[in-house]
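Reader: I am new to this structure and should be grateful for a close look at a single part. Please choose one region and describe how its pieces fit together.

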Amino acid sequence: MSQHNVRCALAATLLLLLAACSSTPQTPEPIPNTKGNAAIAAWQLSGKIGLRSEGQAHSAYLNWQQCGDDYHIRVSGPLGQGAASLSGSSHHATLRSRNGESSADNPEQLLEQQLGWSIPVTQLQYWIRGIPAPKQSYQFTDQQLQQAGWQIDYQRWQPVDQYQLPAKLTATHPRAKVTLILKNWQLDTDCKQ
C-alpha cells in the first residue's frame, strides 16, 4: 500500500470518527440526589423566565422570595419595563402591575385570568428545588420529572451550600412551555418578612 493510499485511508477513518462524534446526541445531566432539598423552606433567587403559550412568547427577569408557603415573585423586562409582582400563600394570590391590583384563590387562576398565562406556580416552588410537589403523583427518571400534566427537563445543576439545585429547567405542557434560568440562590435559615 502506497503512502498516498495510507493517508487517504487515515483521512477517511478520521472523517468517519468525526461524523460519528458529531451525531452523538447530547443528554442532559442526570438528576442528582435532591431528596434533602425538601428541607429548604426559605430562599431568594434571581434569574430569567421565558414563556411560550398559544403562539406568544414572553421573557423577563425573575426575582423569587419564598418563606414556607408565602411567596413574592417579581418579573420585569429590560430596565424594569413591564414590571409585575405576584405574592401570596397557599390560600390566596395577589397580582400587582401597572394595570392595578387583582386577587384570586390561587396564583394559577390569577395569572390565567389577568395575563392568559398557564404557569403552575404552586408546583414550580418545588420543581425549582429539583423535587416533586407533595400529595401529587409523579414519575422521576434520570433526567426529568413528570407531574400534573407537565414534563420538567433539568438541563443544568449548581451546588448551593450543601445542596444541588437546578440552574436551568424547562417545564412543558401541551398548552405552554416555561424555561427558567436560575442564578444567585440564597438559602435563608430564618424567614425575613
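Author: The account below follows the first strands, the salt bridges that involve one of their turns, and the cavity they help to line. The model is predicted.

The starting point is strand 1, residues 42–53, which runs antiparallel to strand 2, residues 56–67. Twelve bridges join strand 1 to strand 2. Strand 2 in turn pairs with strand 3, residues 70–76, again in the antiparallel sense, over seven bridges. N63 of strand 2 can be used to follow the pairing on both sides. Its bridge partner on one side is S46, and N63 also stands opposite R74 in strand 3. As a general point, side chains in a regular strand alternate between the two faces of the sheet.

The turns between these strands come next. The hairpin of strand 1 and strand 2 has two residues between the strands, and E54 there takes a positive phi near 45°. Strand 2 and strand 3 also form a hairpin with two residues between them. In that turn, G68 has a positive phi of about 65°.

E54 leads from the first hairpin to a distant part of the chain. Its side chain meets that of R175 in a salt bridge, at 3.7 Å from N to O. R175 lies in the loop between strand 10 (163–173) and strand 11 (176–187), while E54 lies in the loop between strand 1 and strand 2, so the pair ties together parts that are 121 residues apart in sequence. E54 is exposed, with a relative accessible area of 61%, whereas R175, at 40% relative accessibility, counts as partly exposed.

R175 has a further partner in E112, and the side chains of these two residues meet in a salt bridge of 3.3 Å, N to O. Because E112 lies in helix 2 (residues 107–115) and R175 in the loop between strand 10 and strand 11, this pair ties together parts that are 63 residues apart in sequence. E112 counts as partly exposed, at 32% relative accessibility. E54, E112 and R175 are thus linked in a network of salt bridges. In general, side chains of opposite charge can pair when their charged atoms come close.

A search of the whole structure finds three salt bridges. Among them is a pair outside the region described so far, R96 with E101, whose closest N and O atoms are 3.1 Å apart. R96 is partly exposed at 36% relative accessibility, and E101 is exposed at 54%.

The strands also take part in enclosing a space. The structure holds one cavity of 30 Å³ or more, and about 240 Å³ of space lies in the largest cavity. Of the 21 residues that line the largest cavity, the closest to its centre are I49, I73, V75, W117 and I119. The elements that give two or more residues to this lining are strand 1, strand 2, strand 3, strand 4 (84–89), helix 2 and helix 3 (121–127). Strand 2 gives the most, with five residues. The lining divides into 17 nonpolar residues, four polar residues and no charged ones.

Taken together, strand 2 pairs with strand 1, pairs with strand 3, and gives the most residues to the lining of the largest cavity. Helix 2 is among the elements that give two or more residues to that lining, and E112, which lies in helix 2, belongs to the salt-bridge network with E54 and R175.

Definitions and conventions. Residues are numbered from 1 along each chain as its sequence is written. This is a predicted model: local features need pLDDT of at least 70, side-chain atom pairs count only at pLDDT 80 or more; totals for chains, interfaces and linings use all residues. Side-chain values use heavy atoms; hydrogens and water are left out. Two strands pair if DSSP finds at least two bridges between them. Helices (H or I, at least four residues) and strands (E, at least two) are DSSP runs, numbered from the N terminus. A salt bridge is a side-chain nitrogen of Lys or Arg within 4 Å of a carboxyl oxygen of Asp or Glu. Buried means under 20% relative accessible area, exposed over 50%, partly exposed in between (1.4 Å probe, protein chains only). On a 1 Å grid over the protein atoms alone, a cavity is a set of points where a 1.4 Å probe fits but cannot get out, and a pocket is an open set with protein on both sides within 12 Å along at least five of seven lines; lining residues have an atom within 4 Å of a point. Grid points are joined across faces, edges and corners, and a volume is the space filled by probe spheres set on the points. Ala, Val, Leu, Ile, Met, Phe, Trp, Tyr, Cys and Pro count as nonpolar, Asp, Glu, Lys and Arg as charged, and the others, Gly among them, as polar.
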